Each structure stands twice: as C-alpha cells, then as structure tokens.
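Open the model in your viewer and keep the selection box at hand. The stops below say what to select next and what is there.

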Amino acid sequence: MAWEDVKNEMVGEKGLAPEIADQIGGYVRLHGGLSLIEQLLQDPKLSQNKLAREGLEEVKQLFKYLDIFGISDQFSFDLSLARGLDYYTGVIYEAILLKEPNDPVEESVGVGSVAGGGRYDGLVGMFDPKGRKVPCVGVSIGIERVFSIMEQKMEASEEKIRTTETQVLVASAQKKLLEERLKLVSELWDSGIKVHLNHI
C-alpha cells in the first residue's frame, strides 16, 4: 500500500491530524542498517521516548550479532513493516526471497515474502490461569512456496536432495560467551562444516 493511501486512512478514518501523519510518514519511509539505527538514537524526539530507545538498542544489538555472522548486509531495518496481528510486543520480521540473475525459479513463486513473525510476550499468558508473561518468538513459513522454489532449483541443477547431518556441536559451560560462540560457528560455516549451536 502506498504511503498516501495509508495517510488518507489515518486522517480520514482514524481522525489523525494531517501534520501528525506527516511526521509519522517521515519515519515509516526509512530503512537501512546500523547507520540508520545510530541516526535514530540521536533523533531528538525518539531519544526522549524510553520505549523507543530500548527498542533501538535491542535492534542495534541484533545487528552486532548479524555482523559476527557476516550477513548484516542481507538484513534491512524497515520502519514501514507491520504485521496484521496485534499480539506482537517486540521486534517483527519478514523474510523476502529475491530473484537472482539466471535464477531458474519462475518469478511468480520466486520473489516475495516466504516467512514472517516476531516476539509476543503476552500471548501464552492469555491461556495461563495466572496470566504470567512468557517470552516467546515465533515465525510462520510459507512451506508450500519454499518447497516449490526448491524443487524448481533442484530440477534445473539436477541436484539430489540429501539429509543434512550435524558435524560439530558448539557449546559452552559458561555464560556470557555468546558472541565468541557465534564467531566460531560463523567460521565453521564459512569452511563448509555443518554446525549446530547449543543456545543454553
């Protein structure tokens, strides 16, 4: 949906003042990486909001982990992203499959969103008699679309489907070594070694 359509809905249906909608529009059209996060942390309006600061610091930490894996360039912090459900309480995300040059996958199935999800700390508590908050992160995957794409690629490359087996388990008996474990996992992956990371 184009921003003008969103603005018209905010002003016409929700009763938001046009100047407020324009201020929101200045943010939701932003997307980028760590430099954008640093820019927003210095924003006079956002820096005065405790929740905004905390959220940006968490996204900044996420990008640090992505840098360790050497994949931060494959991620974009997009302020226009929204999910259609209201139980999310933190970060939301979407996985987009981009069509590459000479990709054998048909464009109708090879481009676009294949997964989406986010954090929802209050959802499980709705079913708990005591209403306790349970931190959760989830994702839904368009599995049929993914399989269709994989089949087309394998047919084009004549590659056979094989079971993936873990060759190395990376674990630590001590806490606060997550970044070191992530660096080790990244090095092993880059060397073509199948690795499983113990998150405990």
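Start with the whole chain: among contacts between residues at least 6 apart in sequence, 50% join residues at least 24 apart. Contact means heavy atoms within 4.5 Å. This is a predicted model, where local features need pLDDT of at least 70, side-chain atom pairs count only at pLDDT 80 or more, and totals for chains, interfaces and linings use all residues. Residues are numbered from 1 along each chain as its sequence is written, and side-chain values use heavy atoms, with hydrogens and water left out.

Now colour by secondary structure. The protein has seven helices and seven strands. Helices (H or I, at least four residues) and strands (E, at least two) are DSSP runs, numbered from the N terminus. Along the sequence the pattern reads α-α-β-α-α-β-β-α-β-β-α-β-α-β. Of the 200 residues, 22% are buried. Buried means under 20% relative accessible area, exposed over 50%, and partly exposed in between (1.4 Å probe, protein chains only).

**Stop 1: helix α1**

Select Trp3, Lys7 and Met10. These residues of α1 are buried. Look down the axis of α1: its buried residues fall within an arc of 65 degrees, so they line one face of the helix. The arc is that of the directions from the helix axis to the C-beta atoms. An α-helix has 3.6 residues a turn, so residues three or four places apart point the same way. Add α2 to the view; the buried residues of α1 pack against α2.

**Stop 2: the largest pocket**

Select Phe77, Asp78, Leu81, Val91 and Ile92. Of the 49 residues lining the largest pocket, these five lie nearest its centre. How much space lies in the largest pocket? About 2400 Å³. On a 1 Å grid over the protein atoms alone, a cavity is a set of points where a 1.4 Å probe fits but cannot get out; a pocket is an open set with protein on both sides within 12 Å along at least five of seven lines, and lining residues have an atom within 4 Å of a point. Grid points are joined across faces, edges and corners, and a volume is the space filled by probe spheres set on the points.

Show the elements that give two or more residues to the lining: α1 (3-12), α2 (18-28), α4 (50-69), β2 (77-78), β3 (92-97), β4 (112-119) and β5 (137-141). Helix α4 gives the largest share, 12 residues. Colour the lining by type: 33 residues are nonpolar, nine polar and seven charged. Here Ala, Val, Leu, Ile, Met, Phe, Trp, Tyr, Cys and Pro count as nonpolar, Asp, Glu, Lys and Arg as charged, and the others, Gly among them, as polar.

**Stop 3: strand β5**

Select Val139, which lies in β5. Val139 is partly exposed, at 49% relative accessibility. Leave out residues up to four places away in sequence, and Val139 touches Tyr93, Ala115, Gly116 and Gly117.

**Stop 4: the nonpolar cores**

Select Leu36, Ile37, Leu40, Leu41, Leu46, Leu56, Val59, Phe63, Leu66 and Phe77. Together they form the largest nonpolar core, of 10 residues. A nonpolar core is a set of buried Ala, Val, Leu, Ile, Met, Phe, Trp, Tyr and Cys residues joined through side-chain atoms within 4.5 Å. Helices α3 (34-41) and α4 each supply at least two residues of this core. Another core lies apart from it, with seven residues, including Val170, Leu182, Val185 and Val195.

**Stop 5: two loops**

Select Ser72, in the loop between α4 and β2. Beyond its neighbours within four places in sequence, Ser72 contacts Phe63, Leu66 and Asp67.

Finish at Ala171, in the loop between β6 (168-170) and α7 (178-190). Ala171 is partly exposed, with a relative accessible area of 45%. Measure from Ala171 to Arg181: their C-alpha atoms are separated by 7.3 Å.
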